[in-house]
Amino acid sequence: MKNTVKIQEVNPSFTNRRSFLKLSGLTVIGTGLLLAGCNDTDDDNNDQNQLPGVRNGVFDLGGGDLGVLTYAYALEQLEADFYTKVVNASGFNSFPDADRQVLTDLYHHEVIHREFFKTALTGALPDPSTQLLPALAFDYGSLNFNSRDQVLATAKALEDTGVAAYNGAAKQITSVDYLLLAGKIVSVEARHASAIRSLINPNSNSFAGDDVISTSNGLDQAKEPAEILGVAGGFITTEFTANYL
């Protein structure tokens, strides 16, 4: 018997670029799909040995579809925490209006993504009390959240990393429903990356720069979890492992 979490479908409308950016994030989970849990022991992808959970005293993200979703949940926790600190910084109101509008929209998007993964995994994991990734802690070192340049540079790094992370992990997903979900969210993350790059270098082609878009196939970069966690792990202070990804 499988646990399911149903996501309510919505039909947005938008009239301008900012509304599109805003609604694209708010409605990414409006797919009407069912997220199925993993209580079927005869499914190789649901191998109990690969489910998320504590191993040798340390939480491991696990493997298979639910491991990939847990990996995404960890990254969404990071992005949500970062933008929460951005919009609550004492100097945020001194940023240009366009910056504040975009950064506020991204804050809402990432919080929604984080809570979506938390809810979905809670419903899909056989024992979420022990298998759900806990709330992570973060440290941004000397980052000055009142500095526009530092905030946008960090946002650029996080968004570019997020897009590459989803693209790199997609090949590990076996469920077509989960793959659809990842595809919808990565399309929003790509819009985030483009918006941040346009704030840094307005009226340029930076939004699709050669450093993130392949000149050979026109696609965004795709990076393996080990490479992504090597970057994101610089901000995450909570210890965890990813031995099955």
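Arg114 pairs up with Glu115 in a salt bridge, and their closest N and O atoms sit 2.7 Å apart. Neither partner is hidden away: Arg114 is partly exposed at 23% relative accessible area, and Glu115 is partly exposed too, at 32%. Keep in mind that what you're looking at is a predicted model.

**More on the salt bridges**

That pair is one of eight salt bridges that turn up in a search of the whole structure. As a general point, side chains with opposite charges can pair when their charged atoms come close. Here are three of the pairs, with the closest N and O atoms in each.

| Salt bridge | Closest N and O atoms |
|---|---|
| Asp60 with Arg55 | 3.9 Å |
| Arg114 with Glu115 | 2.7 Å |
| Glu224 with Lys171 | 2.6 Å |

Take Asp60 and Arg55 to start with. Asp60 counts as buried because its relative accessible area is 0%, and buried means under 20%. Its partner Arg55 has a relative accessible area of 22%, so Arg55 counts as partly exposed, the class between 20% and 50%.

Then there's Glu224 with Lys171, whose closest N and O atoms are 2.6 Å apart. This one ties together distant parts of the chain, with the two residues 53 positions apart. Glu224 belongs to the loop between helix 6 and helix 7 (225-232), while Lys171 belongs to the loop between helix 5 and helix 6. Lys171 is exposed, since its relative accessibility of 59% is over 50%. Glu224, at 40%, is partly exposed.

**The fold as a whole**

Stepping back, the protein has seven helices and five strands. Follow the sequence and you get the pattern β-α-β-β-β-α-α-α-α-α-α-β. Of the 245 residues, 47% are buried. As for contacts with a separation of 6 or more, 76% of them are between residues 24 or more positions apart. The exposed surface comes to about 11700 Å², and carbon and sulfur atoms supply 50% of that.

**Cavities inside**

How many cavities of 30 Å³ or more does a search of the whole structure find? There are two.

The largest cavity has a volume of about 100 Å³. Its lining is made up of 14 residues, and the ones nearest its centre are Val68, Ala72, Tyr166, Ile173 and Ala182. Helix 2 (64-88), helix 5 (148-169) and helix 6 (176-200) are the elements that each give two or more residues to this lining. Helix 2 has the largest share, with five residues. What about the chemistry of the lining of the largest cavity, by class? It has 14 nonpolar residues, with no polar and no charged ones.

The second largest cavity comes in at about 50 Å³. Leu75, Leu78, Glu79, Leu158, Thr161, Gly162 and Ala232 line this one. Helix 2 and helix 5 show up here as well, each supplying at least two residues of the lining. By class, the lining of the second largest cavity splits into four nonpolar, two polar and one charged residue.

Definitions and conventions: Residues are numbered from 1 along each chain as its sequence is written. This is a predicted model: local features need pLDDT of at least 70, side-chain atom pairs count only at pLDDT 80 or more; totals for chains, interfaces and linings use all residues. Side-chain values use heavy atoms; hydrogens and water are left out. On a 1 Å grid over the protein atoms alone, a cavity is a set of points where a 1.4 Å probe fits but cannot get out, and a pocket is an open set with protein on both sides within 12 Å along at least five of seven lines; lining residues have an atom within 4 Å of a point. Grid points are joined across faces, edges and corners, and a volume is the space filled by probe spheres set on the points. Helices (H or I, at least four residues) and strands (E, at least two) are DSSP runs, numbered from the N terminus. Ala, Val, Leu, Ile, Met, Phe, Trp, Tyr, Cys and Pro count as nonpolar, Asp, Glu, Lys and Arg as charged, and the others, Gly among them, as polar. A salt bridge is a side-chain nitrogen of Lys or Arg within 4 Å of a carboxyl oxygen of Asp or Glu. Buried means under 20% relative accessible area, exposed over 50%, partly exposed in between (1.4 Å probe, protein chains only). Contact means heavy atoms within 4.5 Å. Accessible areas come from the Shrake-Rupley method with a 1.4 Å probe; for residues, only the protein chains shown count as cover.
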